[in-house]
Structure formats: C-alpha cells, structure tokens
Amino acid sequence: MAIRNVNLWRSIDWLTIILYFVLVLCGWLSICGASYDFGETDFLSFSSRAGKQLVWIGCALVLALVLLNIEKKYYEMFAYPVYAAFLLLLLVTIFVAPDIKGSHSWLVLGPIRIQPAEFSKFATALCMSRLLSTYGFSMEKRSDFIKMLAIIVVPMLLIVMQNETGSALVYLSFFFVLYREGMTGSLLALGVCAVVYFVIGVGQGENFFASMPVNVGQFIVFLLIPLFTALMLGVYGKQMRHAWLVAIVNLLGVLLAYLFSRFVIPFDICLVQLVLCGCTALYLLMVFLAERYASYLLIALFALGSVGFYYSCNMLIDKLQPHQQMRILVLLGIKDDPAGVGYNINQSKIAIGSGGLWGKGFLNGTQTKLNYVPEQDTDFIFCTIGEEQGFMGCTFILLLYAVFIIRIIMLAERQGSVRFTRVYGYSLAAILTFHLFVNVGMVIGLAPVIGIPLPFFSYGGSSLWGFTILLAILLRLDAERETRF
Amino acid sequence: MNNNYRYENRKFVIVAIVMAIVLVYIGRLFYLQILNDEYKEYADSNAFLDKTVYPSRGVMYDRTGKLLVSNQPAYDVMVCMRNVKDLDTLAFCQSLGITREFFDKRMADVKNRRLNPGYSSYTDQLFLSQLTAEDFAMFQEQLYKFNGFSIQRRAIRQYNYPVAGHLFGDLGEVSKKHIAADDYYVQGDFIGTQGIESYYEKQLRGEKGKERLLRDAYGRVKGRYMEGAMDVAPVPGKNLTLSIDIELQALAERLLQNKIGSVVAIEPSTGEVLCLASSPGFNPQMLTGRQRGENHRLLSKDKQKPLLNRAIQGTYPPGSTFKTSQALTYLQEGIITPETSFPCALGFRFKGLHVGCHAHSSPSALVPSLATSCNSYFCWGLYRMIGSEKYGSSQEAFTRWKDHMVSMGFGYRLGIDLPGEARGFIPNSAFYDKWYGGRWNGLTIISVSIGQGEVTLTPLQIANLGATIANRGYYIAPHVVKGIQDEALDSIYTTPKYTMVEKKHYETVAQGMREAVLNGTCRAANLPDIEVCGKTGTAQNRGKDHSAFMGFAPMNDPKIAVAVYVENGGFGAVYGVPIGALIMEKYLTGTLSEASEKKANDLQQRVIYYGNQER
C-alpha cells in the first residue's frame with residue numbers, strides 16, 4: 001500500500017486539484033457574500049451558511065481522500081452494483097422524501113438533508129464507463145445501444161418522478177459522451193438545433209429593429225435554418241458549391257429584405273425568409289432528383305422540418321399548463337412581468353447588471369444582501385459574483401470553468417486504450433458543462449429557470465459532495481493511467 | 001484499437017462547444033454589466049430608500065428678542081399592517097379618542113394604493129398625524145398592547161403668545177398644486193399657507209436632508225447605506241426677527257376685543273410694523289396639530305370672518321384722516337397757502353350742494369381746519385383744484401390729484417411682506433368719465449376730499465400716511481420682518497419713497513395734527529410729556545359711522561405712527577382716539593399709567609353689536 005500511495009501522489013494530476021481548490025474557495029467566498037447580512041456575521045460560525053459550507057467542504061475533502069485510495073479495479077468491479085444501489089435509493093426516495101417545495105428529492109436524516117440525485121450522477125458515470133469498456137461492446141449493436149440508453153434514461157425517469165426535472169435533464173449530458181464514443185453526430189446536431197430553435201424561437205422579446213414589425217426570435221431562427229442547412233450540405237453533401245449557393249442566396253435575400261423594410265416600407269422580413277427557406281428546400285429536392293444522392297433529400301427535409309418545428313413549438317407552448325408556459329415564456333423574455341413569474345430573472349439580471357466592470361466589492365452587493373435575488377446562495381449564487389465582482393469577476397470564473405473542463409477533457413483523452421477512464425472523464429466534463437450552461441444561462445436570462453446548482457459554488461453539501469466524488473474518482477482513475485504509445 | 005482513435009477528433013467539437021458557451025455567456029455579461037446602464041438604476045431604486053430628514057423650521061422672535069414661534073415635538077401614529085394582530089379595537093380607539101368608523105375608514109384609506117401610493121404592508125404607514133404631547137402620553141401607556149402600531153416624532157409649530165394669528169399665518173399640508181409648482185415638496189409635507197409662514201416659506205423651511213437607507217425585498221429597512229457616508233444633513237430654516245412688539249400687539253388685540261377693526265403701528269423712520277392687529281382674531285395655536293382642520297372650518301364659517309386680516313385686507317373709507325393728504329396736495333399745488341381761509345356755515349354750501357360740518361369758528365385757516373376737522377375747508381380746496389385753469393381740464397387736474405395720492409401710497413399695494421394685501425381704491429379721471437359720462441367737475445366728486453365716496457384705504461395705508469407725515473415726506477414700505485438670519489432684507493424695505501409734496505408743507509400739516517390733539521378733535525390723545533399729533537376720522541357708511549384715528553408721536557422725533565379703525569364705532573373720538581393714545585403711550589413709555597390701564601380695561605369691555613350679518 002505504501003508504494004501505491006507514493007505512486008498516487010506522484011501521478012495524480014495536481015493542476016486539476018489546484019483548479020478544484022480555487023473553485024471551491026471562490027465558491028465559499030461567494031456564499032459568504034450571499035449570506036452576509038450587513039451585520040456582524042461570523043463566517044466561521046456553524047450557525048452561518050458560510051460556516052456550514054466550510055464543514056461540508058471539510059467532509060468533501062475527507063470523502064475525496066478516501067475515494068482516491070480506492071484502486072481503479074474496485075471501481076470497475078463495483079460499477080454495476082453501485083449503480084443498482086443508487087437506482088434503488090432514488091426509487092425509495094420518491095416515497096420516503098418529504099414534500100419540499102413540491103419536490104420529493106431530499107432524504108432527511110436528522111439535521112442533515114441529502115439529495116440522492118446529486119450522487120447518482122457518479123454512479124451512472126461509472127456504470128456507463130463500465131458498459132462502454134466491456135469487451136466486445138459496440139454501439140452498432142441494437143442490444144448494446146438499448147442498454148446504453150437505459151443506463152441514462154432509468155435514473156432520469158426516477159428523478160423526474162421526484163419532481164426534480166432540472167436534475168433529471170442533467171443526464172442528457174451523457175449524450176455528449178456517447179457522441180465522443182462514436183454515436184452518429186447528426187443526432188446530436190439535430191438535438192442541438194432543436195434546443196437552439198426552441199430557446200431562441202419561442203422567445204426573444206428584445207426587439208432589435210424597433211421600427212419594424214418583426215418578431216426577432218422568428219427572424220433569428222429563420223436566419224439560422226438556411227445557415228444550418230448550408231453547414232449540413234458542407235458536411236454531408238457531395239459538392240461544396242451547393243452549400244455556398246444556399247448560404248449566399250439566403251443571406252443576400254435577407255439583407256435586401258432588411259434594407260427594403262428599413263428604408264422603403266416596413267414589413268415583416270420573416271415572410272421573405274419563409275419563402276427563402278421554401279426555395280432552399282425546393283432547390284435541394286431538385287438537386288436530389290438530378291444527382292440521386294439521398295443526403296440532399298434528408299437535408300431538404302431538415303430545412304422543412306426546422307420550419308415546422310419552429311411553428312409546432314409555438315403551438316406546443318399554448319398547450320402547456322399556464323405556470324409551465326409562464327416559466328418558459330418568462331425566461332425567454334416574452335412576458336415582462338417583474339412582479340410575477342419573471343421576477344426572479346429580472347432581479348437576477350438587475351443584480352448582475354448593477355455590478356458593472358469591477359463590481360461593488362466583496363460584501364458590498366445590495367441586491368443579493370437585501371433578498372431581491374431569490375435563492376441567492378444556491379441556484380442564483382452567480383448573481384453574487386456578478387454584483388460584487390463585476391464583469392471581471394464573472395469572466396474570471398467562467399474562464400476558470402472552461403480551463404477546468406478542458407483539463408478534464410485532456411485527462412480523459414490521455415487514457416490511451418483505457419476506455420473506462422475516458423468515458424468516465426467525459427461524463428464528468430459533460431455534466432459540469434451542462435450545469436454551467438443551464439445555471440449561468442438561467443441567471444443571466446438566457447436559459448430556462450431550471451433549478452440546478454452551480455458546481456462548487458452553490459451552497460449545499462449534496463451538490464459539493466456529488467461533484468467532489470465525481471472528480472476524486474476521475475483523479476484516481478487518471479493516476480492509474482497507461483502511458484500512451 | 002483503431003476504434004478508440006477513430007473519433008478522437010470529436011474532442012475538438014466538444015471543446016469548441018464548451019468554449020462557445022463560455023464566450024456567449026461572457027458576451028451576455030458584457031451586455032448586462034457594461035453596455036446597459038439601466039440595471040444599475042433599477043438596483044439603486046430597489047435597494048435604496050432615500051429617507052428625507054426634515055430640517056427644523058426657522059423660529060420667530062419679536063423686535064425685543066422674545067421668542068414668539070418655535071417648534072414643538074408632535075407624534076404621528078404609524079401602522080405596519082403586516083404586524084397588526086389581535087388588536088383590541090375598542091381600547092385602541094378610546095386611547096386615541098377616535099370613533100370606530102374613523103378607525104375603519106383610516107385603515108381602509110391606508111391600504112388604498114390610490115390614496116396612498118407608497119403603501120407596503122411591511123413598512124410603517126401614517127395612521128394618525130400630529131398627536132400632541134398630552135395625547136401621546138396617554139396613547140403611549142397602552143401602545144404595547146397594539147401590535148403593529150408605533151410612534152414617529154415630528155415637529156409642529158408652538159406659539160408662545162395667543163395673539164397675532166393673522167400675522168403668523170399657519171402651516172398646512174401641501175396641495176397637488178404646490179407639489180407641481182415646486183419640486184421641493186412631496187405629498188405630506190407642510191407649507192406656510194397664510195401670513196409670515198407663507199410669505200417667508202422659502203427662508204423658514206430650510207433644506208431637506210437625505211438619509212440613504214437600505215431596503216430589502218419586502219420593503220423593510222435594514223440599516224444605513226455605507227454607515228451614512230452618502231447622507232446629506234438638513235439645513236435648518238432661517239430664523240426671523242419680526243418688527244412686531246408682541247406686547248404692543250397683545251394690547252392692540254385686547255383693546256379691539258368685541259369690536260371689528262384694526263390697529264396698525266409703524267416705526268416711521270424704518271417702516272417697521274410695530275403691531276398689526278385685526279379683530280376678530282384667533283389664537284394661532286388653534287391652527288396647529290390634529291385640531292387644525294376642524295378649527296379652520298369653524299373659523300372660516302364664522303360670519304365675522306376672523307380669518308380675514310382686516311389690517312391689510314380690509315378696505316375702508318378713510319374719513320377725515322384723509323384730509324391731511326388733501327391739505328398736502330393743495331399746498332403743494334399752490335391751491336392754498338397755510339393762511340388761506342374758507343368759510344364754513346355748518347358745512348360746504350355751494351350751488352345747491354351741501355356737505356355738512358359741525359359748529360366751529362368760521363372762516364378758518366388750514367391749521368384750525370385740520371384741528372377741528374372742517375369738511376368745508378377741504379371741499380373748497382378740491383373744488384378749486386379741479387376747477388383751476390392751470391391744469392387745462394378737470395380731468396388733467398384730477399389726474400394730478402390722483403398722482404399725489406399714489407405717491408402717498410394709496411391705490412396700490414404698499415408691498416408689505418404678507419400675502420393678500422389689498423390695494424384700496426383711488427379713482428382716476430377715466431373712472432369718473434365712465435361713471436358720469438364725462439360730465440363731472442369738482443363738485444361732482446367733492447366727497448373724496450373728506451375721505452368718503454369712492455376712496456378706500458386699508459388701515460395699513462392709513463398708518464403709512466401717518467408715518468409719511470411723521471417723516472415729513474417719505475415712507476419706507478412697511479414690513480413685519482426686520483431681520484432674516486444670514487440674509488439681507490429686500491431693498492424696498494430699506495429704501496425711502498418720497499411723495500410729491502415738499503417737506504415744509506408736511507410741517508404745516510403736522511402742526512395741524514398737533515393742534516387737533518391740543519385744541520381739536522383729538523384732545524383725548526394728549527399724553528403728558530409727549531407731543532402727540534393726531535387726526536380723527538369718522539367715516540360714513542351704510543350703517544353706523546366707522547371710528548378712525550391716525551396719529552404719530554412725538555411730533556419732532558417720531559417713534560411711532562398709528563392708525564386705528566373700528567367698524568361702526570361712531571365718532572373718531574369714541575374708539576379711534578383713545579385706542580391710538582393707549583398704543584402710543586404703551587410703546588413710547590413701555591407701560592400704561594394706572595389711569596390708562598383703567599381706560600384700557602374699559603375699552604376692552606366695550607362691545608359693539610354687529611348683529612348676525614355677514615361681514
């Protein structure tokens with residue numbers, strides 16, 4: 001064991017550990033800021049949230065130390081049982097957990113509350129790694145593919161049943177892992193397109209061309225459709241000229257329409273865009289008939305489907321329950337309603353916006369201290385950074401995350417033939433990216449209000465421990481890496 | 001293991017996605033935090049509660065340094081709706097002396113966002129304003145029982161003397177008009193609405209300070225921002241020193257009790273008003289605190305109009321006091337000399353016109369005519385002036401006459417530093433042309449020469465006439481404030497205004513007035529050791545004659561000029577002269593002799609019955 005330990009400390013990735021500590025420290029300071037009440041707050045006292053978080057951090061470090069000392073073979077060995085155990089825990093939680101703000105995701109053990117959904121991520125990651133690294137596994141095999149999907153979908157469903165849809169959505173990030181491992185890219189591309197169309201299309205309320213009767217969301221979506229189509233033509237088509245033709249004709253058409261609308265008669269440019277999209281699809285159909293190459297037909301269908309998807313999203317919104325509808329619409333800026341559902345995002349934008357370039361200084365934020373921002377030390381913790389540290393602080397934190405995630409990707413990539421560790425590393429990177437994307441996006445008003453924490457920043461033991469466990473296992477796996485030939 | 005490397009390039013796609021997310025978010029933050037300023041303003045209006053710190057209003061002293069008007073703590077009852085629980089409404093209403101209906105209405109009004117736009121159930125709202133210290137003491141004992149109610153201190157006016165209500169004026173809540181006209185005011189502020197409080201509002205009010213408090217999302221105050229570094233201290237209002245002698249004012253009001261009328265005294269050399277009494281008056285304390293509204297309603301309903309400041313707002317025929325101004329005009333215009341005599345056969349009789357007069361020796365020169373207040377003399381004077389060839393026409397002659405009157409301060413506002421001063425009325429040629437269709441002469445308008453007819457003056461203008469004669473030819477615009485803290489008086493209160501009459505003619509008129517005191521109509525004004533000059537006035541009107549007096553003393557070093565006007569008081573000698581004499585004695589000797597004190601008591605007791613007519 002002694003020799004192992006020496007090897008561990010020598011081969012462990014210290015850069016990641018340093019980044020981890022910097023993030024945790026910044027997170028703790030943010031919690032100090034968010035929970036500070038202008039009074040004599042003792043950040044080290046256990047009664048304050050900052051003090052409690054210190055304890056959670058201490059526990060996390062102990063937990064990490066333990067996990068770092070478990071050999072890789074045990075992780076591989078116990079991946080399935082651990083996954084199964086957590087599925088069971090998730091299932092039990094649904095029935096045992098008390099109702100906290102409508103969700104049944106917290107297990108209450110005396111004074112401590114634990115959210116199993118935060119921990120099942122590492123179990124799922126391990127399970128996924130184990131499955132994909134099984135000898136003879138192939139995504140092309142239907143049975144393997146279904147197993148793979150099941151590993152992702154089952155915990156998702158259980159968490160949805162706990163009424164924690166936000167946490168469940170995190171599992172979608174595993175598709176990035178699958179993409180890296182060979183899943184066809186077009187599926188991912190379609191998924192990304194759908195998300196982009198939805199987020200932009202259903203609601204850019206801010207009107208860029210104030211003088212023109214244009215729905216800006218629609219305008220952007222209809223601009224993206226030909227561009228995506230051109231991109232697909234570039235990737236999957238036989239000849240690049242089709243791609244260029246589609247891109248240039250569409251852009252020129254929109255530009256002309258814009259100029260006409262701006263300087264001659266204001267009209268809805270989107271009508272022109274719609275016609276352009278139709279022409280693009282028609283053109284591709286003709287190319288398909290002429291060249292008899294199936295991709296062109298599929299791309300034409302993509303263009304038409306995109307338009308259809310945009311309209312059906314708008315229809316779908318009408319079908320949702322009012323509060324769900326509200327939540328989506330407000331986030332997307334359609335309903336400007338400071339006293340109502342939009343209040344949170346509005347206040348959050350005010351807090352961040354008021355930070356300016358350098359921020360108001362540590363503990364000097366007014367919006368977060370005075371409770372204008374909801375959930376200011378958990379889901380909306382980024383507001384505190386925005387208000388107190390300003391644009392510079394936010395940029396620093398975002399770049400820190402980027403470096404951290406890219407470093408993890410690098411760790412995953414340096415595993416050579418060890419697929420287990422690579423899949424695991426990508427799982428961590430993808431989960432972190434998803435959390436960052438949704439949490440920060442929500443706070444700055446670009447993504448839906450989905451209650452998921454900002455890793456290492458949001459107050460709470462479960463989230464911190466969950467991510468620390470994920471990271472500690474990766475560090476251990478990485479420490480046992482093979483040198484790549 | 002080809003399979004492992006086949007997709008390795010996809011790592012670049014994934015890294016690109018991570019970088020894209022981060023860059024888009026940085027761009028968004030750049031927009032929110034740097035390009036867009038409005039969020040900063042939102043944040044400030046969110047978090048900062050700029051609480052106004054009210055300055056203390058300037059106080060007022062009289063000319064002898066006595067404190068007249070100061071500030072006194074009053075208490076507002078505040079309510080925080082969210083904290084109101086288990087209220088014993090009955091006990092609450094009893095402790096405040098209000099009815100259940102009033103309580104319900106107030107609670108509803110407070111919650112009504114239309115009436116009370118700043119309403120929040122988390123913050124203190126005004127429930128009842130201006131509790132006096134006594135009411136407060138009673139309420140405070142039980143306050144602990146009334147969850148959600150609290151007390152906020154504020155200041156109201158304290159008047160140390162129960163007199164001079166008209167002079168001080170009062171404070172009322174600002175109206176929408178005030179707020180629109182001057183952005184200093186906000187809803188709920190107080191503003192001077194009458195008298196000095198109104199005229200010197202800008203000096204008295206000071207400058208508001210600001211306290212920047214932090215307010216949380218529920219509207220609760222969480223302390224001061226940056227320990228008060230951004231606070232602005234209020235600047236207290238400026239103190240005023242009035243030219244009023246409060247004891248003289250009190251005496252004047254005392255002598256006017258049970259009568260309608262005015263007493264105005266002016267220091268001739270400075271134009272400072274020594275007293276400005278109007279009866280009926282009111283105790284200024286009535287118009288402070290919670291009872292203000294009710295008292296104001298009562299006073300304004302009173303048929304004798306106690307809120308009217310007759311000393312500057314009442315316009316009366318000046319009667320014989322006006323003859324002095326006529327004598328001056330005729331002398332200056334060369335119509336008469338001091339030696340000129342006119343006949344008087346119990347009045348002015350000419351071409352069928354008769355203006356009555358009382359029995360005295362005839363014919364008489366100017367000085368005796370003033371002393372005996374001979375109507376005939378001044379009628380002849382005006383008749384001659386209007387008929388004089390040197391003006392070319394009656395109109396021109398009368399215009400000249402009017403110019404003299406205006407130069408003496410009649411027909412226009414004197415510019416006293418009080419709101420609402422009346423102009424009085426001096427007719428001009430055009431007025432008579434219109435009135436008589438151009439066919440008029442000295443006889444037609446003869447009654448103006450004896451201060452009757454169309455001519456009206458305010459008691460202030462009569463007193464100012466006395467001051468002008470005392471000064472032998474000039475006056476300084478009368479004013480009630482002689483000093484403003486750290487500020488100079490307006491130049492009109494320091495610059496003499498000369499009339500169109502030479503000093504020597506004033507000397508003659510002064511002699512006539514002296515003679516009136518020694519041997520004429522004003523003998524009751526003859527004070528021992530003081531050379532008093534005076535002129536009675538008995539002004540005819542629809543009812544009983546008004547009793548008037550105008551005088552100054554001492555003759556050769558005048559310290560006080562006084563005008564007394566008592567409505568329906570009869571002969572000038574009945575009320576005007578004795579009141580005027582007492583005022584002069586009090587001011588010049590600092591006290592009243594025993595005999596005078598008795599006389600004063602007697603005058604105070606005398607009642608004039610006015611009936612139930614609107615005045």
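S11(B) and S20(B) run antiparallel and are joined by six bridges. In this predicted model, Val264(B) of that pairing stands opposite Ala563(B) in S20(B). S11(B) also pairs with S12(B), again in the antiparallel sense, over seven bridges. The points below start from this strand and move on to loops, a second sheet, the chain contact and a helix pair.

**Strand S11 of chain B**

- Strand S11 of chain B covers residues 261-267, and seven of its seven residues are buried, so the strand is largely enclosed by the rest of the structure.
- In a regular strand, side chains alternate between the two faces of the sheet.
- Gly261(B), Val263(B), Ala265(B) and Glu267(B) point one way from S11(B), and all are buried.
- Ser262(B), Val264(B) and Ile266(B) point the other way, and these are buried too.
- Glu267(B) is thus listed among the buried residues of S11(B).
- Val264(B) has a bridge partner in S12(B), namely Leu276(B).
- Val264(B) also faces Ala563(B) on the S20(B) side.
- The hairpin of S11(B) and S12(B) has four residues between the strands.
- Gly271(B) in that hairpin takes a positive phi near 80°.

**Around Ala477 of chain B**

- Ala477(B) sits in the loop between strand S15 (474-476) and strand S16 (481-484) of chain B.
- Ala477(B) counts as buried, with 20 C-beta neighbours inside 10 Å.
- Leaving aside neighbours within four places in sequence, Ala477(B) is in contact with Gly271(B), the hairpin glycine.
- Its other contacts on that basis are Leu414(B), Gly415(B), Ile416(B), Ile492(B) and Tyr493(B).
- Ala477(B) and Ile492(B) are 15 residues apart in sequence, and their C-alpha atoms are 6.2 Å apart in space.

**Cis peptide bonds in chain B**

- The peptide bond from Ser279(B) to Pro280(B) is cis, with omega near 0°.
- Pro280(B) lies in the loop between strand S12 (272-279) and helix H12 (292-301) of chain B.
- Ala553(B) and Pro554(B) are also joined by a cis peptide bond, with omega about -15°.
- Pro554(B) is placed in the loop between strand S19 (546-553) and strand S20 (560-566) of chain B.

**Positive phi outside glycine**

- Lys305(B) is not a glycine, yet has a positive phi of about 50°.
- Lys305(B) belongs to the loop between H12 and helix H13 (310-313) of chain B.
- Lys305(B) is partly exposed, with 18 other C-beta atoms within 10 Å.
- Ser373(B), likewise a residue other than glycine, has a positive phi near 60°.
- Ser373(B) is found in the loop between helix H15 (366-372) and helix H16 (375-387) of chain B.
- Ser373(B) is buried, with 27 other C-beta atoms within 10 Å.

**The three-stranded sheet of chain B**

- Three strands of chain B form an open sheet in the order S1-S8-S9, with antiparallel pairing.
- Strand S1 (48-53) and S9 of chain B stand at the edges with a single partner strand each, so one side of each has no neighbour in the sheet.
- Neighbouring strands of this sheet are turned by 40° against each other on average, direction ignored.
- S1(B) and S8(B) run antiparallel and are joined by six bridges.
- Lys51(B) has Glu211(B) in S8(B) as its bridge partner.

**Contact between chains A and B**

- The contact takes 33 residues from chain B and 42 residues from chain A.
- Helix H1 (2-6), helix H2 (10-35) and helix H3 (38-47) of chain B are among the elements that each supply at least two residues of its side.
- Strand S8 (209-215) and strand S9 (221-224) of chain B do so as well.
- H2(B) gives the most to this side, with 16 residues.
- The chain B side divides into 20 nonpolar, five polar and eight charged residues.

**A helix pair in chain A**

- Helix H5 (residues 116-132) and helix H18 (residues 461-479) of chain A pack at an angle of about 20°, with axes 7 Å apart.
- H5(A) and H18(A) are therefore roughly parallel to each other.
- Their crossing is right-handed.
- H5(A) brings Glu118(A), Phe119(A), Lys121(A), Phe122(A) and Ala125(A) to the contact.
- H18(A) meets them with Ser462(A), Ser463(A), Gly466(A), Ile469(A), Leu470(A) and Ile473(A).
- By class, this contact has six nonpolar, three polar and two charged residues.

Definitions and conventions:
Residues are numbered from 1 along each chain as its sequence is written. Chains are lettered from A and ligands numbered from 1 in the order in which they are written. This is a predicted model: local features need pLDDT of at least 70, side-chain atom pairs count only at pLDDT 80 or more; totals for chains, interfaces and linings use all residues. Two residues are in contact if their C-beta atoms, placed from the backbone, lie within 7 Å. Ala, Val, Leu, Ile, Met, Phe, Trp, Tyr, Cys and Pro count as nonpolar, Asp, Glu, Lys and Arg as charged, and the others, Gly among them, as polar. Axes are lines fitted to C-alpha atoms, for helices over the stretch in contact, and angles run from 0 to 180 degrees between N-to-C directions. Angles under 35 degrees count as roughly parallel, over 145 as roughly antiparallel, 65 to 115 as roughly perpendicular and the rest as oblique. A crossing is left-handed if the near helix is turned anticlockwise from the far one by less than a right angle, and right-handed if clockwise. A residue is buried if 20 or more other C-beta atoms lie within 10 Å of its own, exposed if 12 or fewer, and partly exposed in between; C-beta atoms are placed from the backbone. Two strands pair if DSSP finds at least two bridges between them.
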